[in-house]
Amino acid sequence: MTKPIFPHELRSFAGTAELVELALNLRWSWDHSADDLWRALAPELWDLTRNPWIILQTVAPAKLKEVAATPQFRKRLKELAQERKTLRKTAAWFQRAYARAGLTAVAYFSMEFMLGEALPIYSGGLGNVAGDQLKAASDLGVPVVGVGLLYQEGYFRQALAADGSQLALYPINDPVQLQITPARDASGAWVRLQIHLPANPVWVRAWEAQVGRGKLYLLDLNDPENPPLIRGITNELYGGGLEMRLTQELVLGIGGWRLLRALGLNPEVCHLNEGHAAFAILERTADFRRETGQPFEVALQVTRAGNLFTTHTPVAAGFDRFPPQLMQQFLGNYAEKQLGLAFGDLMALGRQNPRDDQEPFNMAYLALRGSGAVNGVSQLHGQVSRSIFRPLFPRWPQEEVPIGHVTNGIHVATWDSQPSDELWTRHCGQERWLGETDRVEEAIREVPDQELWAMRQASRQALVDYARERYAQQLAAAGASPEEIAQAGQILDPQALTLGFARRFATYKRPTLLLHHPERLIRLLTDPRRPVQLLIAGKAHPADQWGREMIRQWVQFTRRPEVQGRVVFLSDYDMLLTEQLVGGVDVWINNPRRPWEACGTSGMKVLANGGLNLSELDGWWAEAYSPQVGWALGDGQEHGDDPHWDAAEAGALYAILEDEVVPAFYARDARGLPTEWLAKMRESMATLTAHFSANRAVRQYTHEYYLPRAAAYGVRARNQGALGSSQENWRRRLEQAWPTLAFGGLKVETLNGQHHFQVEVMLGQVDPGAVQVELFAEEPGGRVYRQPMERGERLPDREGGYLFTALAPATRPPGDFTPRLVPYFADVAVPLEIPLILWHH
């Protein structure tokens, strides 16, 4: 067996130091300017793995020296090294726009990151968002530092049994072969941390990945000093039971924050990508408590200002919950020793009812209660999330539950096809995704029809070529005959309308909706005048019986003689396959049950490539759709899992394909161009690509969350958290006095087109400046009318009694307006940080 080559050994080869630096940067997962270097060393291995580091470790030293000595190779290597140096010196968008903003680091915590096939530590959508945002942050220069886990096996790899059912395989992620290195402290020592589990302290190892300008730190428990049972805890992503999940989340949150501090980092903002990482809130609070001596409540009040929680979950059942006994076992001692908190008070942070000793601990509740801002991942998901979290804000209108939204976006440079990239570069320049994107739409509108169609044709041809090769490999791995493998070279037609469906196979995504009427689908696919072909891919969680069954149904359908070669199920849905699918398909189909798709990013990936979407009005498509850019399924309402509605939508899906999609694709003008199709393509590319990009999403996070959260944290943290202490004292006094507050009489007069409101309010011992009286009314479109009422004269013989007044336009009845009392302290988020409210009755 060949001895693994480590960075310091490779650097000993003359002329390869720069090559090592390049190979250990995940930038090449989206920047393809170095592809020719790696392909020159090992072409087949490069096409299979896209891992330059494994190529350097695999290629024979003599071969490496030989290729590295060629003038062409050395010239290209020198150019890339110079580009890297220039990149380091050049101010990016963030540095130009916010050089003095006071934001030095955003810690981005996520259970998974999809950065490239060379680092397989992802499952699907959550990792996709995390990886694409990390890449966009690098492009834009936003100082984001990723924190995640290194899984020894990661998520499973998929194969198909003879009957079409899914097989789950777990190959090992050997750190030596991954584009990572041990994270080292200032002394050069490998960073290893201890955290306490019930039996004993365990060692956590830290790894580092370079992601363009940025860093990703990964933690694992596979340390030789740990017992075998402990070393296996970070084996699988989303595997094992509750105890394994809880331990992984402790390592991610508590270990992750400790790692950052051990490396000398003190991020102003902590961004939680889902509730899995919410224990980082506790450790950040403990860290501030240790530094300042402040009690837990004050430390949390200070640090929460710098925390952002992004929820991706469309149903309350999707949140991680842990039973009290397990929490006591794993966190009872931590609460007492590190937080100075009674265990019951810790549990209250994760419960809807703090007094219910049997209620499990909800990680999303901790994330919300420990953050200064919360957002969903699409406009519709923001609405859904406000409904999900409303129980934490009793008596508050759902519209005012404090959850905003930043619609996800994809990293375009990762997902565009080569023909697409060339077209965009010609018309928008190489730096089109490195800053503002204002000019992109106009430039794409100027692209001639012939050029657009040539790009689409070339992209589809590349997909067909790839699918034939991958399907042949799939058949060979399954033991197919040489004749069957050879036949794979004839599947699909590079000129035919190509549909794609590739998703996680889960019941709410309805992956078999197109199979509702198999004979109707067969007629659609086999029309000799207007042929249609379909590529399918996707995994089901190994524990999801229904998901696995739906995969089997699709595989069985692809084997029907009428559709063989026209419908292909490509196994082991991974990042490489996704890149090819989204680059080449003409139409991307997505038909989840609304509103269970929080955002969905797969359809965004086809935009730059000229692919069109036919999707349920859910997630991002609910805000992106217009008839000019694609096709919509559904009526924009929720119907649950009603089988009659599923049947109706299956019929609608067939009808849209038969009556709109297929005719538009095959209607050609005298030049042989589908002008109606091209009009949709152009409009989709011009209006949607930039808006649904990670470039826009990261800039939006920066404007709306990172900079405000950093500023708020800085103010609260000054003088050992003095402001946070004042805010906590205010909150405690107000909560104690709230039951004594009351409204008195209300008078309304209408004069000169204005309603004049007067209401009596009894504040007792409460400082009038600690509350705000408002006039409230609901408005159309889910908006609310809120107007502060003015404090007037004191009421005689009433302790703390005041008269409050306000004017409101008499365009609606006075009964539509209601006075209410809410807490008030400058720069405290109400109701997120204190959900008290009192209504006039």
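Q: How should I classify Phe156, as buried or exposed?

A: Phe156 has 0% relative accessibility, so the ring residue counts as buried (under 20% relative accessible area is buried, over 50% exposed, and partly exposed in between, with a 1.4 Å probe and protein chains only). The model is predicted, so local features need pLDDT of at least 70 and side-chain atom pairs pLDDT 80 or more, while totals for chains, interfaces and linings use all residues. Residues are numbered from 1 along each chain as its sequence is written, and side-chain values use heavy atoms, leaving out hydrogens and water.

Q: How many aromatic pairs are there, and what is the geometry of Phe156 with Tyr170?

A: Rings of Phe, Tyr and Trp (its six-membered ring) pair if their centres lie within 6.5 Å; planes under 30 degrees apart are stacked, over 60 edge-to-face, and the rest tilted. The count comes to 28 aromatic pairs. For Phe156 and Tyr170, the ring centres are 6.5 Å apart and the planes stand at 55°, so this pair is tilted. It links distant parts of the chain, 14 residues apart: Phe156 sits in the loop between β2 (144–149) and β3 (157–160), and Tyr170 in the loop between β4 (166–169) and β5 (181–182) (helices, H or I of at least four residues, and strands, E of at least two, are DSSP runs numbered from the N terminus). Tyr170 is partly exposed, with a relative accessible area of 30%.

Q: What is the geometry of the Phe665 and Tyr666 pair?

A: Their ring centres are 4.9 Å apart with planes at 80°, so the pair is edge-to-face. Phe665 is buried, at a relative accessible area of 0%. Phe665 and Tyr666 also belong to a cluster that ring pairs build with Trp453, Trp631 and Trp677.

Q: Trp631 makes me curious about Asn613. Which residues does Asn613 contact?

A: Contact means heavy atoms within 4.5 Å. Leaving aside neighbours within four places in sequence, Asn613 touches Trp588, Gly603, Val606, Leu607, Trp620, Trp621, Gly630 and Trp631. Asn613 lies in strand β19 (residues 612–616) and counts as buried because its relative accessibility is 1%.

Q: Now a strand residue elsewhere: what surrounds Cys270?

A: Cys270 is found in strand β9 (residues 269–273), and its 0% relative accessibility makes it buried. Beyond neighbours within four places in sequence, its contacts are Ala107, Phe109, Trp257, Ala280, Arg284, Gly306, Asn307 and Leu308. From the C-alpha atom of Cys270 to that of Gln580, 310 residues along the chain, the separation is 34 Å.

Q: How do helices α11 and α12 meet?

A: The axes of α11 (residues 242–262) and α12 (residues 279–292) come within 8 Å and cross at roughly 40° (axes are lines fitted to C-alpha atoms, for helices over the stretch in contact, with angles from 0 to 180 degrees between N-to-C directions). On the α11 side the contact includes Leu246, Leu250, Ile254, Trp257 and Arg261, and on the α12 side Phe279, Ala280, Arg284 and Asp287 are among the partners.

Q: Which elements does α13 pack against?

A: The buried residues of α13 pack against α12, β10 (307–310) and α29 (694–737). Helix α13 (residues 296–303) is mostly covered, with 7 of its 8 residues buried: Phe296, Val298, Ala299, Leu300, Gln301, Val302 and Thr303.

Q: Finally, where does Thr425 lie?

A: Thr425 is part of helix α19 (residues 418–428). At 24% relative accessibility Thr425 counts as partly exposed, and beyond neighbours within four places in sequence it contacts Gln430 and Arg432.
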